[in-house]
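Biologist: Could you take me through some features of a protein model, giving the general idea and then the case at hand?

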Amino acid sequence: MGKEIPTRSEDYSSWYNELVKKADLAEHSDVRGCMVIKPYGYSIWEKMQQALDKMFKDTGHVNAYFPLFVPKSMFEAEEKNAEGFAKECAIVTHYRLKSDPKNPGKLMVDPDAKLEEELVVRPTSEAIIWSTYKKWIQSYRDLPILVNQWANVVRWEMRTRLFLRTAEFLWQEGHTAHATSKEAVDETVQMLNVYAEFAERFMAMPVIKGRKSEGERFPGAVDTYCIEAMMQDGKALQAGTSHFLGQNFANAFDVKFATKEGKLDHVWGTSWGVSTRLMGALIMAHSDDDGLVLPPKLAPIHVVIVPIFRNEEELSKITVEVDKMAKTLRDAGYTVKFDNRDTQKPGFKFAEWELKGVPVRLAIGPRDLENGTVEVARRDTKTKEVMKLTDVATAIPKLLDDIQENIYKKAHAFRESMITRVDTYDEFKKVLDEKAGFVLAHWDGTPETEAAIKEESKATIRCIPLDAPEEAGKCIYSGKPSSRRVLFARAY
RNA sequence: CGGGGCGUAGCGCAGCCCGGUAGCGCGCCACGUUCGGGACGUGGAGGUCGUAGGUUCGAAUCCUGUCGCCCCGACCA
C-alpha cells in the first residue's frame, strides 16, 4: 500500500532515503541541504542526547552555550583550522533588510547595513570557545575546564543526505582545557571510549577505535581519534571523533596559565563531538526491508499494543486488560503505546509500527481474552509467540534486553565478516569492488601513498586501529616496510 | 563546480513528442459492510500545471529566461 520502501538489494541509497521519510524521521526542507527532523526522529535523537549527556556529566563535564556567530578575525586566528573549514563557511555580511523600491512587497538587503566585520556561522566552535577560555584561565587552579555544548553548526556542503550530511546539523562539542599534555591526551582517549561505549551499548553498533592518519586529521588538531562503524552496504561511517589539540588553539588565542612553579605555559586542549549523523548510522546498521529496527535503549516506544476488536464492546474489554498490562510496563520504566485507533485495521498497524522500528508488539483480541494470553512479536527477528498475560511483566523486560543484545551480535557478526586482510594491491582493489567493507592492509605511513590509494580506489584510511598489533609487512602500494596494518574502506 | 533527472491535488505519477473541457493510484471527507498481517463498496472534496515573459484564436503541452529540489561525481562529519 502507500508506505512501501525499496529493498536494500534493489537500491540501497533510495532504501535509506525512503526509510527516513516513511518512518517519519525527517524530510527535506525548503532550504537546500537542510532537513526538518520530525517528532519521531527527534525523539530518537533526544534519547541519544540523554544517554550521552549523562555519560559526559559522569565524567565531570558541564554544559554551556557559546554563540552561533564568530567574527571573521577570530575565526581565522588558528590558521589550519580556519583553512580547513574556509570553503564551507556561511558568512553574515549584513544585518538588515529593507523594502525593495523596484519590487513592491519584496525585501532587499540594505546596502547601508553592511557589517564592519563579517560574522562566520560556526562550522565548529573552537575559535569562539578558545577566545573565551583566554578570559577564564589565569592559573593552574582554573584548570581543567571541562565544557560541553549541544548546538547546531553549519557546513555548506556541496552534496547532502538526510542525517548523514546536511548543511546544518545538530551535535555536541566538548571543549576541554588542561594543564598538561598527558591530561589532555587522557581526556581525548577517555571521550573516545565514551563514544565507543555509547555506540555499542546504546546503539548496539560495534565500532573500531582508532587514530586518524595525518591526511584525515581534524584541521588544527595534533591527533584525531575516531570510532568507525560498518554499514550494511559495506561502506564505513565515522561515528564520532575526539581530538587532541595540543597547544595549537592556546597558542593561536594566547591562552596561558601560571603553573604551580610560577611559570607561564600555554594550555593544552581537546575537542570531541558526535552529531545527528549518528541517526544515519543507527538506521543503516540495523534496519531491514520492512523498515527501521531500533535498539530498545534508543527506541522512543518500547512496546506497542494493538487491540483486535470488532466493536466498541470488545475494545473496552480489551482496554481493561491492556491498561493493567501497560501500567505494569510503564511502572517498570518502559514506554508503551496503546494503538487503539478505530480508523485503521490491525494489519495496517502491524506494518506501520514495524516500519517505525518499535522493538516489541503485543496483539490482544477476543481469543486472547478467553485464554488469558497475548501475542508477542519482536521486530528484530519478526518472530511471534503467544504468552500468558500474567507472564508479560517479567517476559517483556527480558525480551527487550535480548533484542538489544541480539541486534548488537548481528551487527557485530556482520562487521567481522566485512573485515578482510589483504597483502597485495590487486587483492585490495578486488575486495573493495567485489565485497566492500573494511580492508586491513599494510601502509608505508606516507601521505603520498594514502593520497594515491584514495585517488585510484576511492578508499580512504578510516583509522589506524588502537588495538592493531605490531606486525612487520610491506606497504601494498609502495612495497616499503610497514609495522602495522591500517583500516581502509570506502566511506560515507 | 561538472554530469543526469524532476517541478501537474497532501503524497507518488501520467498527460507534453503531435496545442483544444486537467487525469490515475494512494491518502482525505461521509455513509454502510468489515476488523487475528497493509479491507471493500457507494458517494464526495481537492490543482494559479515552479515562476516570468513570448508565439497562438487558444499553452500543462511550443520558444526564451529564471528559481528550486533530487540523484551521480569532485569536497566533507
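**Reading the surface and the cysteines**

Modeller: Val 109 counts as partly exposed, because its relative accessibility is 43%, and the model we are reading here is a predicted one.

Biologist: In which strand is Val 109 placed, and which residues make the nonpolar surface patch?

Modeller: The place of Val 109 is strand E7, which runs over residues 107-109. The nonpolar patch on the surface is made by Leu 97, Leu 107 and Val 109, and its area is about 300 Å².

Biologist: How many disulfides does a search of the whole structure find?

Modeller: A disulfide is a pair of cysteine sulfur atoms within 2.5 Å, and by that cut-off the search of the whole structure finds zero.

Biologist: Why does Cys 89 have no bond to Cys 34, and is Cys 89 buried or exposed?

Modeller: The closest cysteine sulfur to that of Cys 89 belongs to Cys 34, and because it is 15 Å away it is too far for a bond. Cys 89 counts as buried, since its relative accessibility is 14%. For Cys 475, the closest cysteine sulfur is in Cys 463, at 17 Å, which is again too far for a bond, and Cys 475 is also buried, with a relative accessible area of 3%.

Biologist: Where is Glu 18 found, and which residues does Glu 18 touch, leaving out those up to four places away in sequence?

Modeller: Glu 18 is found in helix H1, residues 12-22, and is partly exposed at 23% relative accessibility. Leaving out residues up to four places away in sequence, Glu 18 touches Ile 5, Pro 6 and Ala 23. Glu 4 lies 14 residues from Glu 18 in sequence, while their C-alpha atoms are 8.6 Å apart in space.

Key
Residues are numbered from 1 along each chain as its sequence is written. Chains are lettered from A and ligands numbered from 1 in the order in which they are written. This is a predicted model: local features need pLDDT of at least 70, side-chain atom pairs count only at pLDDT 80 or more; totals for chains, interfaces and linings use all residues. Side-chain values use heavy atoms; hydrogens and water are left out. Buried means under 20% relative accessible area, exposed over 50%, partly exposed in between (1.4 Å probe, protein chains only). Patches are made of residues with over 30% relative accessible area and no salt bridge: like charges are joined within 9 Å, nonpolar side chains (Val, Leu, Ile, Met, Phe, Trp, Tyr) within 5 Å. Accessible areas come from the Shrake-Rupley method with a 1.4 Å probe; for residues, only the protein chains shown count as cover. A salt bridge is a side-chain nitrogen of Lys or Arg within 4 Å of a carboxyl oxygen of Asp or Glu. Helices (H or I, at least four residues) and strands (E, at least two) are DSSP runs, numbered from the N terminus. Contact means heavy atoms within 4.5 Å.
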